[in-house]
Amino acid sequence: HQNDPEKIAKLVKINTYHVTLFSRFLEKLRTIPDGDGSLLDNAMIMYGCGMSNGNGHVPMNVPVLLVGGGGSKLRGGRHLRYTEDKTLEALHLTVMDKLGVRVDRISDSSERLSGI
């Protein structure tokens with residue numbers, strides 16, 4: 001967007017549209033019965049991007065949503081904020097652990113995030 005206000009306004013519209021679609025998707029999952037809960041209760045879905053500032057290609061402080069109950073492996077309703085030295089790879093490794101998929105490292109990261 002090169003910090004151009006018109007381009008930023010267009011980006012906001014696009015992002016708002018995408019989040020609206022994502023919200024509808026989550027609502028559909030919430031209404032589909034699955035076991036003792038809903039499909040959303042038993043799903044683990046990550047939504048976001050790999051950069052906090054696409055204009056500067058900044059890969060730190062990335063906004064990510066992790067939604068669903070993960071079959072009781074996730075506790076929702078929280079906003080977690082980590083220090084800037086935490087990586088998206090650490091989140092991916094943590095999620096894979098929750099899914100029962102053991103991977104030692106992604107890229108140069110072997111760290112996991114606490115509190116998820």
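**Exercise 1. The chain as a whole**

Among contacts in the protein chain between residues at least 6 apart in sequence, what percentage join residues at least 24 apart? Describe also the order of the elements and the extent of burial.

*Solution.* The model is a predicted one, in which local features need pLDDT of at least 70 and side-chain atom pairs count only at pLDDT 80 or more, while totals for chains, interfaces and linings use all residues. Residues are numbered from 1 along each chain as its sequence is written, and side-chain values use heavy atoms, with hydrogens and water left out.

Step 1. Taking a contact to mean heavy atoms within 4.5 Å, 41% of the contacts in the protein chain between residues at least 6 apart in sequence join residues at least 24 apart.

Step 2. Helices (H or I, at least four residues) and strands (E, at least two) are DSSP runs, numbered from the N terminus; the protein chain has two helices and four strands, and from the N terminus on these run α-β-β-β-β-α.

Step 3. A residue is called buried under 20% relative accessible area, exposed over 50% and partly exposed in between (1.4 Å probe, protein chains only). Buried residues make up 18% of the 116 residues in the protein chain.

**Exercise 2. The buried side of helix H2**

Identify the buried residues of H2, then follow Thr-94 to its contacts.

*Solution.* Step 1. The buried residues of H2 are Ala-90, Leu-91, Leu-93, Thr-94 and Val-95, and what covers them includes strand E3 (45-48) and E4.

Step 2. Thr-94 is found in helix H2, which covers residues 88-98, and Thr-94 counts as buried because its relative accessible area is 6%.

Step 3. When neighbours within four places in sequence are left aside, Thr-94 is in contact with Arg-112, Leu-113 and Ile-116.

**Exercise 3. Salt bridges**

Trace the salt bridges that involve Asp-97, and set beside them the pair within helix H1.

*Solution.* Step 1. A salt bridge is a side-chain nitrogen of Lys or Arg within 4 Å of a carboxyl oxygen of Asp or Glu, and a search of the whole structure finds four. Side chains of opposite charge can pair when their charged atoms come close.

Step 2. Arg-112 and Asp-97 meet through their side chains in a salt bridge with an N to O distance of 2.7 Å. This pair links distant parts of the chain, with Arg-112 in the segment after H2 and Asp-97 in helix H2, 15 residues apart.

Step 3. Arg-102 also forms a salt bridge with Asp-97, where the closest N and O atoms are 3.4 Å apart, and thus Asp-97, Arg-102 and Arg-112 are linked in a network of salt bridges. Within this network, Arg-102 is exposed at 59% relative accessible area, whereas Asp-97 is partly exposed at 27% and Arg-112 is partly exposed at 22%.

Step 4. In the H1 pair, the side chains of Arg-30 and Glu-27 meet at 2.5 Å, N to O; the two residues are three apart in helix H1 and therefore separated by about one helical turn. Arg-30 is partly exposed at 48%, and Glu-27 is likewise partly exposed at 36%.

**Exercise 4. Residues with positive phi**

Locate Asn-3 and Ser-72, and state whether each is buried or exposed.

*Solution.* Step 1. Most residues other than glycine have a negative phi.

Step 2. Asn-3, although not a glycine, has a positive phi of about 60 degrees; Asn-3 lies in the segment before helix H1 (5-31) and counts as exposed because its relative accessibility is 54%.

Step 3. Ser-72 has a positive phi near 75 degrees and is found in the loop between strand E4 (64-67) and H2, where Ser-72 counts as exposed at 74% relative accessibility.

**Exercise 5. The second largest pocket**

Describe the lining of the second largest pocket by position, element and class.

*Solution.* Step 1. The second largest pocket is lined by 14 residues, and Asn-15, Cys-49, Met-51, Ser-52 and Pro-63 lie nearest its centre. On a 1 Å grid over the protein atoms alone, a pocket is an open set of points where a 1.4 Å probe fits, with protein on both sides within 12 Å along at least five of seven lines, and lining residues have an atom within 4 Å of a point.

Step 2. H1 and E3 each supply at least two residues of this lining, and the largest share, three residues, comes from H1.

Step 3. By class, the lining has seven nonpolar, seven polar and no charged residues, where Ala, Val, Leu, Ile, Met, Phe, Trp, Tyr, Cys and Pro count as nonpolar, Asp, Glu, Lys and Arg as charged, and the others, Gly among them, as polar.
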